[in-house]
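Hi everyone, thanks for coming. I'll take a few minutes to walk you through one structure, so have a look at the screen.

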Amino acid sequence: MLARERLYLQGNHIKQKSINIDDNLYEGVKRLSLEVYDANISDIINIAIEEYKEPKFYGRKELDTVTYRNIRLRKDNIDKLEIFSKNTGISFTRLVNSAIKEFLDN
């Protein structure tokens with residue numbers, strides 16, 4: 001990959017989106033942001049969505065908690081997950097959580 005391919009095009013702007021994110025997943029992304037990567041939480045979540053290839057349902061464990069959070073997502077990532085949601089019936093929120101879980105697992 002060329003360095004310039006890591007840049008976003010003008011039309012792929014950022015939109016504020018409020019969604020429920022599982023607290024354990026959010027804490028995992030937060031740890032990566034503080035200890036591993038020079039990226040904020042929204043940046044890491046956007047990368048997780050970009051790497052997310054096959055939509056699948058990620059069920060939250062019974063005792064896990066969720067928090068309604070404001071995340072800055074790229075337009076292309078929102079469009080991608082909305083298509084996945086329409087095709088699979090899995091909610092947008094569950095898809096975001098699945099993308100984060102898959103990213104953390106890898």
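I'll start with the overall fold, then go to the pocket, and finish with a few single residues.

One thing up front: this is a predicted model. So what is the protein chain built from? There are four helices and two strands. If you trace the chain from the N terminus, the order of the elements is β-α-α-β-α-α. The radius of gyration is 14 Å, and the globule rule gives 13 Å for 106 residues, so the chain is as compact as a globular protein of that length. If you like to think in boxes, the C-alpha atoms fill one of roughly 45 × 35 × 25 Å along the principal axes.

A few whole-chain numbers while we're here. Of the 106 residues, 38% are buried. The accessible surface is about 7000 Å², and carbon and sulfur atoms account for 49% of that. Now look at the contacts between residues at least 6 apart in sequence: 84% of those join residues at least 24 apart.

Okay, on to the largest pocket. How much space lies in there? About 190 Å³. The lining is made of Glu 5, Arg 6, Tyr 8, Ile 14, Asp 43, Asn 46, Ile 47, Glu 50, Glu 51 and Arg 74. Which element gives the most to that lining? That's helix H2, residues 41-51, with five residues. By character, the lining residues split into six charged, three nonpolar and one polar.

Let's stay with one of those lining residues, Arg 74. You'll find Arg 74 in strand S2. Is Arg 74 buried or exposed? Its relative accessible area is 17%, and the cut-off for buried is under 20%, so Arg 74 counts as buried. What does Arg 74 touch, leaving out residues up to four places away in sequence? The list is Tyr 8, Asn 12, His 13, Ile 14 and Asn 46. Among them, Tyr 8, Ile 14 and Asn 46 also line the pocket. Glu 50, another lining residue, is 24 residues from Arg 74 along the chain, and their C-alpha atoms are separated by 9.6 Å.

Glu 50 comes up again when we move to Lys 80, which lies in helix H3, residues 75-88. Again skipping residues up to four places away in sequence, Lys 80 touches Ile 49, Glu 50 and Tyr 52. For a sense of distance, Lys 80 and Ile 100 are 20 residues apart along the chain, with 15 Å between their C-alpha atoms.

Ile 100 brings me to Leu 25, since Leu 25 touches it. Where is Leu 25? It sits in helix H1, residues 23-35. Its relative accessibility is 5%, so Leu 25 counts as buried. Besides Ile 100, the contacts of Leu 25 beyond four places in sequence are Tyr 58, Asn 97, Lys 101 and Leu 104. And Glu 50 once more: from Leu 25 to Glu 50 is 25 residues in sequence and 17 Å in space, C-alpha to C-alpha.

Last one, Pro 55. This residue is in the loop between H2 and strand S2, and that strand covers 66-74. At 22% relative accessibility, Pro 55 counts as partly exposed. Its contacts, with residues up to four places away left out, are Phe 84, Thr 88 and Leu 95. Gly 11, on the other hand, is 44 residues from Pro 55 in sequence and 24 Å from it in space, C-alpha to C-alpha.

That's my tour. Happy to go back to any of these on the screen.

How values were computed
Residues numbered from 1 in each chain as written. Predicted model: local features only at pLDDT ≥ 70, side-chain atom pairs only at ≥ 80, totals over all residues. Heavy atoms only, no water. 1 Å grid on protein atoms, 1.4 Å probe; cavity = no way out; pocket = protein on both sides within 12 Å on 5 of 7 lines; lining within 4 Å. Points joined across faces, edges and corners; volume = space filled by probe spheres on them. Nonpolar A, V, L, I, M, F, W, Y, C, P; charged D, E, K, R; others polar. Rg over C-alpha atoms; globule rule 2.2 N^0.38 Å. Buried < 20%, exposed > 50% of the residue type's maximum accessible area, 1.4 Å probe, protein only. Contact = heavy atoms within 4.5 Å. Areas by Shrake-Rupley, 256 points an atom, 1.4 Å probe, with all protein chains shown as cover.
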